[in-house]
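I opened the model to look up a handful of local features and to write down what I found. The entries follow in the order in which I looked.

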Amino acid sequence: RDDSDPLAERFACATKFLERNTNAFQQAHLLQFYGLYKQATVGPCNTTKPGIFNMQARAKWTAWHELGQLDSKAAMVRYEQLLDELHPGWRPPNGGGEQPPATSNGWVSVSVPKRTDDDAGPADDRLLACIKMGNENGVREALAELDGGQRLNQLDDSGLAIIHWAADRGNAPILQSVLKTPGIDVNLRDSEGQTALHYASSCGYVDCIELLLAHHADRTVVDGNGETCVDVAFNETVKGLLS
């Protein structure tokens with residue numbers, strides 16, 4: 001997505017505001033924001049419905065799935081309109097700038113990583129933002145500024161590292177840039193034991209799966225639920241690719 005697009009810029013500002021002010025909203029509204037965010041950044045729901053015992057994930061999946069085939073720009077507009085309705089005056093002066101920080105403890109993630117560690121440098125922040133926005137040149141520039149594998153392989157407050165975010169977004173050129181970076185751990189596990197290959201497999205991102213396999217991603221890694229990337233595969237085509 002073009003970073004100069006006014007709608008994309010307003011959307012990015014809106015998600016940043018919500019990230020820092022989740023305590024100001026009810027959980028039902030946070031679920032709406034979550035669904036709209038996923039629709040805007042990923043597209044129509046492309047994952048299987050979580051099991052009945054995983055109520056939080058199930059509620060988030062439902063909020064996303066209910067949006068059907070709503071296109072990305074329409075989802076951004078709805079996100080902005082909902083924020084206008086629930087929190088008038090959220091927009092920063094002159095339509096830009098940073099919002100003051102606020103605390104957050106709501107369980108509904110807006111799929112925006114929350115970095116609270118004091119040593120998170122500008123390159124880290126820019127890299128994550130560029131991955132989320134699909135800015136390939138920005139990703140390459142930010143990767144060049146990072147100081148090796150330790151920062152690259154660090155899990156954020158959402159329990160994900162750079163490679164997980166890249167696989168989750170399904171942008172093959174961005175994932176390729178991440179995989180080519182010295183020190184990156186292709187089999188790094190997130191907080192739930194899943195690797196980037198789990199992410200790409202469950203979403204059906206064939207190009208990303210092929211890239212990960214070419215970089216020796218391990219098909220046999222078992223996550224916290226005892227499942228491999230084959231077990232969570234989006235469809236039979238993906239299973240065949242991983243076999």
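I started with rings under charges, and I note that the charged end of Lys 60 sits over the ring of Tyr 34, 5.0 Å from its centre. I find the charged end of Lys 38 over the ring of Trp 64, also 5.0 Å from the ring centre. I counted a charge as sitting over a ring if NZ of Lys or CZ of Arg is within 6 Å of the ring centre and within 35 degrees of the ring normal.

I note for the record that this is a predicted model, in which local features need pLDDT of at least 70 and side-chain atom pairs count only at pLDDT 80 or more, while totals for chains, interfaces and linings use all residues. Residues are numbered from 1 along each chain as its sequence is written, and side-chain values use heavy atoms, with hydrogens and water left out.

Next I looked up the overall make-up, and the chain comes to 12 helices and 0 strands (DSSP runs numbered from the N terminus, helices being H or I of at least four residues and strands E of at least two). Of its 243 residues, 48% count as buried, where buried means under 20% relative accessible area, exposed over 50% and partly exposed in between, with a 1.4 Å probe and protein chains only. Taking contact as heavy atoms within 4.5 Å, I find that residues 24 or more positions apart account for 68% of the contacts with a separation of 6 or more.

I then turned to the aromatic rings, where the structure holds 5 aromatic pairs. Rings of Phe, Tyr and Trp (its six-membered ring) pair if their centres lie within 6.5 Å, and planes under 30 degrees apart count as stacked, over 60 as edge-to-face and the rest as tilted. Phe 11 and Tyr 79 make an edge-to-face pair, 5.1 Å centre to centre with 75° between the planes. Phe 11 lies in helix α1 (residues 6–20) and Tyr 79 in helix α4 (residues 72–86), so this pair ties together parts that are 68 residues apart in sequence. I checked burial as well: Phe 11 counts as buried at 3% relative accessibility, and Tyr 79 is buried at 0%. Both belong to one aromatic cluster with Phe 25, Phe 33 and Tyr 37.

From Phe 11 I followed α1 to its contact with helix α2 (residues 27–41), and the two pack at an angle of about 145° with their axes 12 Å apart. Here axes are lines fitted to C-alpha atoms, for helices over the stretch in contact, and angles run from 0 to 180 degrees between N-to-C directions. On the α1 side I list Phe 11, Thr 15 and Leu 18, which meet Leu 30, Phe 33, Tyr 37, Ala 40 and Thr 41 in α2.

Also in α2 I looked up Gln 32, which is partly exposed with a relative accessible area of 40%. Its C-alpha atom is separated by 8.7 Å from that of Leu 82, 50 residues apart along the chain.

My last entries concern helix α10 (residues 196–203), which is mostly covered, with 7 of its 8 residues buried. What covers those buried residues includes α8 (162–169), α11 and α12. Just after α10, Gly 204 takes a positive phi of about 75°. His 216, in the loop between α11 (206–214) and α12 (236–242), has a phi near 70°, a positive value in a residue other than glycine, and is exposed at 66% relative accessible area.
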